[in-house]
Amino acid sequence: MQKRLVLDEGQIEIILRRFCHQLIENHDDFDNTVLLGLQPRGPILLDKIVKLLEEISGVKVPSGYLDATFHRDDFRRRDFPLKANETKINFLVEGKKVILVDDVLYKGRSVRAAMDAMIAFGRPQKVELMVLVDRKLTRDYPIMPDYYGVRVHTLESQYVIVEWAAQGNEKDAIWITEKVNP
Ligand SMILES: O=c1cc[nH]c(=O)[nH]1
């Protein structure tokens, strides 16, 4: 399978540090801010950001994991069983500034579903979106990230792969590959 490297480990580390400084700039002491990682792949990125933010600012920002499987707009149309992941949120979202965190922004459908799922935890004051990779010109919904690591031009026939060392890969890396059956 042909793969093109988009970001290596060092470049990802620089982006994560940039994210933290952007968050500190916009959210000051984080007294009313929470972070939510979108299942299944956002939590890995989220955990890295929470850890790095604590190292840089000394603040441990409340965070949780949000699963939106049953809020997807294709939920009833799928002819194979969907496997839901864990939603783990130990706080109310009511009145909070929420930062949704995910690895890849593609059609915008997962983020729409996530906002739907999030409302069960209260009415947020504000919602922002942070993604590592923004796939340009592929959106089906009018959703744009407030923070993105890299913006890439991709074709429908391509797929962005995010590999984390924490998941058994050799190193953190982001690749573009051709889908096997586009
Ligand atoms: O290319 C894509 C699209 C959605 N999710 C991914 O991980 N990669």
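The ligand occupies the largest pocket. A pocket here is an open set of points on a 1 Å grid over the protein atoms alone, with protein on both sides within 12 Å along at least five of seven lines. Occupancy requires more than half of the ligand's atoms to lie within 2 Å of the grid points. The model is predicted, so local features need pLDDT of at least 70 and side-chain atom pairs pLDDT 80 or more, while totals for chains, interfaces and linings use all residues. Residues are numbered from 1 along each chain, and side-chain values use heavy atoms, without hydrogens and water.

V104, Y106, R135, Y159 and V160 surround the ligand (a heavy atom within 4 Å). By class, four of these are nonpolar, none is polar and one is charged. Polar contacts (N or O pairs within 3.5 Å) involve oxygen atoms of the ligand. The side chain of R135 places an N or O atom 2.5 Å from a ligand oxygen. For Y159, a polar side-chain atom lies at 3.3 Å. V160 contributes a polar backbone atom at 2.8 Å. The protein buries 85% of the 230 Å² that the ligand exposes when taken alone (Shrake-Rupley method, 1.4 Å probe).

One aromatic pair is present. F70 and F75 meet edge-to-face, at 5.2 Å centre to centre and 80 degrees between the planes (pairing: centres within 6.5 Å; edge-to-face: over 60 degrees). F75 counts as partly exposed because its relative accessibility is 26% (between 20% and 50%).

Terms used:
A polar contact is a pair of N or O atoms within 3.5 Å; within protein, one must be able to donate a hydrogen and the other to accept it, and residues adjacent in sequence count only if both atoms are side-chain atoms. On a 1 Å grid over the protein atoms alone, a cavity is a set of points where a 1.4 Å probe fits but cannot get out, and a pocket is an open set with protein on both sides within 12 Å along at least five of seven lines; lining residues have an atom within 4 Å of a point. Ala, Val, Leu, Ile, Met, Phe, Trp, Tyr, Cys and Pro count as nonpolar, Asp, Glu, Lys and Arg as charged, and the others, Gly among them, as polar. Rings of Phe, Tyr and Trp (its six-membered ring) pair if their centres lie within 6.5 Å; planes under 30 degrees apart count as stacked, over 60 as edge-to-face and the rest as tilted. Buried means under 20% relative accessible area, exposed over 50%, partly exposed in between (1.4 Å probe, protein chains only).
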